[in-house]
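Visitor: Could you take me on a close look at one part of this model, the sheet and whatever packs on it? I'd like one connected walk rather than a list.

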Amino acid sequence: MANNENHLWKLLWEYDPNALIVVDKDMKITLLNPAFSKLFNVNSQELIGKPAEEILGEVKDFKKAWENNEVIKNEEKEYPKHKLYVRQVIFPIKDENVVACIIVDLSQEWHRRQEMSKLKAETLAKVNEVVDNQMKVAQEIAGLLGETTAETKVSLLKILKMVDQELV
């Protein structure tokens, strides 16, 4: 039975679509699953025993999870070097003297949100430009109407003056 369970856990480790990394209390990499290797585009065998900082950059959340014996959930993080945006769950396994991390790739969703924000900003700028142009045109029309109204008034005053002189 135990052998079957180990086999099942190994299969889950191998086939989990999320990236999984395990580091020891000194923050050295002890295990990586194939999804991690694929996501970060690395050879897992070359990283075993190396500092996690080499691939992850700073590892303060891993240290915090270990030192405080706490689970850090839904931590979103960007790895610009790897063009990744992820959600992480980091948790210590004190019995084994390790810290594990499950990494869910959110890069596509994040890029889509970035594109949407960019599109919104561009649309807002275009709307402002159109409104500004409409205001300019309205001011020009108002100016022209004012000029023609003034010219009409001057002409009418001249006519009134001529009519008034004829009557006298």
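**The sheet and its surroundings**

Guide: Let's start with one pairing: β3 and strand β4 (residues 84-93) run antiparallel to each other, with six bridges between them. Within that pairing, Tyr79 sits opposite Leu84 of β4. Keep in mind that this is a predicted model.

Now zoom out. β3 and β4 belong to an open sheet of five strands, ordered β2-β1-β5-β4-β3, with antiparallel pairing. The edges are β2 (29-32) and β3 (72-79), each of which has a pairing partner on one side only. On average, neighbouring strands here are turned by 25° against each other, if you ignore direction.

Next, the helices. Helix α5 (residues 60-68) lies across β1 (19-24), β3, β4 and β5 (98-105), and runs at about 20° to β4. Helix α6 (residues 107-167) also packs on the sheet, where it touches β3, β4 and β5, and its direction makes about 140° with that of β4.

What about the nonpolar side chains? The largest nonpolar core has 25 residues, and the ones touching the most other members are Ile21, Phe36, Phe40, Leu56, Phe62 and Ile103. Elements giving two or more residues to this core include the strands β1, β2, β3, β4 and β5, along with helices α2 (34-40), α4 (53-56) and α5. In general, nonpolar side chains of soluble globular proteins tend to be buried together.

Let's finish on Ile103. Setting aside neighbours within four places in sequence, Ile103 contacts Asn18, Ala19, Ile21, Phe36, Leu39, Phe40, Val86, Arg87 and Gln88. Among those partners, Ile21, Phe36 and Phe40 are also on the list of residues touching the most other core members.

Terms used. Residues are numbered from 1 along each chain as its sequence is written. This is a predicted model: local features need pLDDT of at least 70, side-chain atom pairs count only at pLDDT 80 or more; totals for chains, interfaces and linings use all residues. Side-chain values use heavy atoms; hydrogens and water are left out. Two strands pair if DSSP finds at least two bridges between them. Helices (H or I, at least four residues) and strands (E, at least two) are DSSP runs, numbered from the N terminus. Axes are lines fitted to C-alpha atoms, for helices over the stretch in contact, and angles run from 0 to 180 degrees between N-to-C directions. Contact means heavy atoms within 4.5 Å. A nonpolar core is a set of buried Ala, Val, Leu, Ile, Met, Phe, Trp, Tyr and Cys residues joined through side-chain atoms within 4.5 Å. Buried means under 20% relative accessible area, exposed over 50%, partly exposed in between (1.4 Å probe, protein chains only).
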